[in-house]
Amino acid sequence: MVESTSEAEIAHAATREAEAFAALHDLNADCIRAFVERDAGWYREHLAADFVCTLADGRRIDRTEFLRRADEGHGVTDVTYDEVDVRPLGDVALVHGVTHYRRDGAPASTRYTDVWQLCGGRWQAVAAQLTRVAGP
């Protein structure tokens, strides 16, 4: 016998996805803000204990190193972001985007993918991948 999905179940799933979509957009904006403001405290609260980040040069760092770098700052100014694509996939989500900034006066951009997991009712970042975007 094939079970059918009720309209209530479909509506509940759609509501959950919409809530995740909104929450992840907010988290992405806060993550960029924390980057600009060197707010390592925000990252301490939102990174999973086993968080890993692959930097644009291919090196992989853990949560401790990421927090150290966040606290020191990144030496960039005029940070903006766009091309944000939030993809909730149940209790996991991908957030893609591009940051634009100036480093040593020169414009640069980095494409990022953040992986978030819903743990105990709140989203935590579990991984990030950064890729330099070639200039024009």
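W42 is buried in this predicted model, with a relative accessible area of 8%. Y43 is buried as well, at a relative accessible area of 3%. The two residues form an aromatic pair with edge-to-face geometry, at 5.3 Å centre to centre and 85° between the planes.

Y43 also takes part in a second contact of this kind. With F66, Y43 makes an edge-to-face pair whose centres are 5.1 Å apart and whose planes meet at 80°. Y43 belongs to helix α2 (residues 40–46) and F66 to helix α3, so this pair ties together parts that are 23 residues apart in sequence. F66 is buried too, its relative accessible area being 15%. Which residues make up the wider ring cluster? Ring pairs join W42, Y43, F51 and F66. In the whole structure, the search finds three aromatic pairs.

Let us turn to the charged side chains. How many salt bridges does a search of the whole structure find? The count is nine, and here are three of them, with the closest N to O distance for each.

| Salt bridge | N to O distance |
|---|---|
| R59 and D57 | 2.8 Å |
| R68 and E65 | 2.5 Å |
| E83 and R111 | 3.2 Å |

Helix α3 is a good place to continue, as F66 of the aromatic cluster lies there. This helix covers residues 63–72 and holds both R68 and E65, which sit three residues apart, or about one turn of the helix. Are these two partners buried or exposed? R68 has 37% relative accessibility and counts as partly exposed. E65 is also classed as partly exposed, at 23%. The buried class ends at 20%, so the value of 23% puts E65 in the partly exposed class. The R68 and E65 contact belongs to a network of salt bridges that links E65, R68, R69 and E72.

The bridge between R59 and D57 joins two partly exposed residues. R59 has a relative accessibility of 43% and is placed in that class. For D57 the value is likewise 43%, and D57 is partly exposed.

What does the salt bridge of E83 and R111 tie together? The side chains of E83 and R111 meet with N and O 3.2 Å apart. E83 lies in strand β3 (residues 76–89) and R111 in strand β5 (residues 106–119), so the pair ties together parts that are 28 residues apart in sequence. R111 is partly exposed, with a relative accessible area of 38%.

E83 deserves a second look for its backbone. Its phi is near 55°, a positive value in a residue other than glycine. Strand β3, where E83 has its place, also contains D78. The phi of D78 is again positive and near 55°, and D78 is not a glycine. D78 counts as exposed, at 57% relative accessibility. Exposed residues have over 50% relative accessible area, so D78 with its 57% falls in that class.

To bring the threads together, helix α3 takes part in an aromatic pair through F66 and holds the salt-bridged R68 and E65. Strand β3 carries two residues with positive phi, D78 and E83, and E83 also reaches R111 of strand β5 through a salt bridge.

How values were computed
Residues numbered from 1 in each chain as written. Predicted model: local features only at pLDDT ≥ 70, side-chain atom pairs only at ≥ 80, totals over all residues. Heavy atoms only, no water. Salt bridge = Lys/Arg side-chain N within 4 Å of Asp/Glu carboxyl O. Buried < 20%, exposed > 50% of the residue type's maximum accessible area, 1.4 Å probe, protein only. Helix = DSSP H or I, 4+ residues; strand = E, 2+ residues; numbered from the N terminus. Phe/Tyr/Trp six-rings, centres within 6.5 Å; stacked < 30°, edge-to-face > 60°.
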